[in-house]
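Okay, thanks for coming, everyone. Have a look at the sequence and the structure on the screen, and I'll talk you through them.

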Amino acid sequence: MRIERKFRQELGRRLLAWYLEHAADLPWRRSPNPYSVLVSELMLQQTRVAAVVAYYNRWMERFPDLSALAKASEAEVLRSWEGLGYYARARNLHRTARLLVADQRGRLPSRMEELERLPGVGRYTAGAIASLAFGKRAPLVDGNVRRVFHRLFALPEGTRADHLWEIAEALLPSPRHCAAHNSALMEIGRTVCMPRTADCPHCPVSDLCRSRGGRVFLTRKPSPTRCEESAALIVQGDRTWLEPSQKGRYRGFWRLPMLDALRMTNLGEACRLSYSITRYRVHLVVFWAEWREKESREGRWVPREELPELPLPIPHRRALDRTASSPASPPALPMLRDGKGEAVAFPPIRK
Ligand code: SF4
């Protein structure tokens, strides 16, 4: 797609003028450096700005630079990220810090190709670091920019990602203005040209936009898929049985064991809560339980005072908080029995 020089210049001029006036005051914009851009960009992947600000501030206090992050244990890193979700980002950030401290004297490279080789740093994050932190003439396309381009140029659905990157590259101004230009595009997508509403009357590029005035394709949020989970809360005095998570999104976390009908006795419901994760709405029921048979199983009894230090999935931490005011041992409820007097297995787990 050929973009006329006059159009590019006018678009660039409007973006810069708008950004100077409307840029949100965000902590990572106050004194950007390569590390702060890396942290903020990884936190912002799939996550709203409002949710990230408090995490970012706490993170920078605890791990102010790559060297501090490299020295931390994985449990400390995951504990600081707890609740932000998509924990692979935290593990990748930690690995990146260790790699850079070991091989690059704790410095982030400025070239896109080198940045893209770091764990968890894709083309978008590399473009953000190169342009926002190093002032390089580097393009970037995230979900917000993709949407603005689609509407601005009335691109058909299914437009190739490569084509969007070509547009981003073609629109870049001089290196001096690249950071503001890229930030303005993302900010317009976040605050003006949003997925489900497009505030065209307040858009700085409205009279250059081919979708303005009703031809905007608004994305609909799909309804979440419901699923159900059951977990076991097994306590002894002030200690709770927790198990390490070895795989999946909670790798490196400690968690309540999932109910195991063969080995645990269900003593009754402790609490229930619901939470959203990606496209799922999960309904979690936590049952008081005790071991029915001794066996070797990976896990440990964790004293209550140690819980704040361990990374736990947020729903499990909430369940522990809610039941903390309960008696130290689970209520002595009668075991659930069927008509023949046999102990009843746990409720079925439906997905
Ligand atoms: S004019 Fe409307 S559709 Fe076009 S970029 Fe601006 S907000 Fe989006």
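I'll begin with how to read this, then go through the helices, the sheet and the ligand.

So, this is a predicted model, where local features need pLDDT of at least 70 and side-chain atom pairs count only at pLDDT 80 or more, while totals for chains, interfaces and linings use all residues. Residue numbers start from 1 along each chain, as its sequence is written.

Let's start wide. The chain has 13 helices and seven strands. When I say helix or strand, I mean a DSSP run, H or I with at least four residues for a helix and E with at least two for a strand, numbered from the N terminus. Of the 351 residues of the chain, 30% count as buried. Buried here is 20 or more other C-beta atoms within 10 Å of the residue's own, exposed is 12 or fewer, and partly exposed is in between, with C-beta atoms placed from the backbone. Now contacts: two residues touch if their C-beta atoms, placed from the backbone, lie within 7 Å. Among contacts between residues at least 6 apart in sequence, 70% join residues at least 24 apart.

Next, some helices. Take H4, residues 49-62. Its 14 residues should span 20 Å at 1.5 Å a residue, and its end C-alpha atoms are 20 Å apart, which agrees. The expected span, by the way, is 1.5 Å times one less than the number of residues. Which residues of H4 are buried? Those are Val52, Tyr56 and Trp59. Remember that an α-helix has 3.6 residues a turn, so residues three or four places apart point the same way. The cover over the buried residues of H4 includes H2 (27-30), H3 (34-44) and H6 (74-81).

H6 has buried residues of its own, namely Val77, Leu78, Arg79 and Trp81. Helix H7 (88-103) is included in what covers them. After H6 comes Gly83, with a positive phi near 100 degrees.

A couple of loop residues are worth a look here. Gln46 sits in the loop between H3 and H4, and its phi is near 65 degrees, a positive value in a residue other than glycine. Gln46 is exposed, because just 11 other C-beta atoms lie within 10 Å. Tyr86, in the loop between H6 and H7, also isn't a glycine, yet has a positive phi of about 45 degrees. With 15 other C-beta atoms within 10 Å, Tyr86 is partly exposed.

On to the sheet. Three strands form an open sheet in the order E1-E6-E5, with mixed pairing. Strands E1 (225-233) and E5 (264-277) stand at the edges with a single partner strand each, so one side of each has no neighbour in the sheet. Neighbouring strands are turned by 20 degrees against each other on average, direction ignored. A pair of strands, for our purposes, needs at least two bridges between them in DSSP.

How many bridges join E5 to E6? There are 12, and the two strands, with E6 at residues 280-291, run antiparallel. Met264 has Trp291 in E6 as its bridge partner, and Leu273 stands opposite Leu284 in E6. E5 and E6 make a hairpin with two residues between them, and Thr278 in the turn has a positive phi of about 45 degrees. On the other side of the pairing, E1 and E6 run parallel, joined by nine bridges. There, Leu233 has Trp288 in E6 as its bridge partner.

Finally, the ligand. It is surrounded by 15 residues, and the closest are Arg151, Cys193, Cys200, Cys203 and Cys209. A residue counts as near if its C-beta atom, placed from the backbone, lies within 6 Å. By class, that shell has 10 nonpolar, two polar and three charged residues. Nonpolar covers Ala, Val, Leu, Ile, Met, Phe, Trp, Tyr, Cys and Pro, charged covers Asp, Glu, Lys and Arg, and the others, Gly among them, are polar.

One last residue is Arg210, in the loop between helix H12 (175-191) and E1. Is Arg210 buried or exposed? It counts as exposed, because it has 11 C-beta neighbours inside 10 Å. Leaving aside neighbours within four places in sequence, Arg210 is in contact with Leu152, Phe153 and Ala154. The C-alpha atoms of Arg210 and Phe153 are separated by 5.6 Å, with their positions 57 residues apart along the chain.

Note on methods. Axes are lines fitted to C-alpha atoms, for helices over the stretch in contact, and angles run from 0 to 180 degrees between N-to-C directions.
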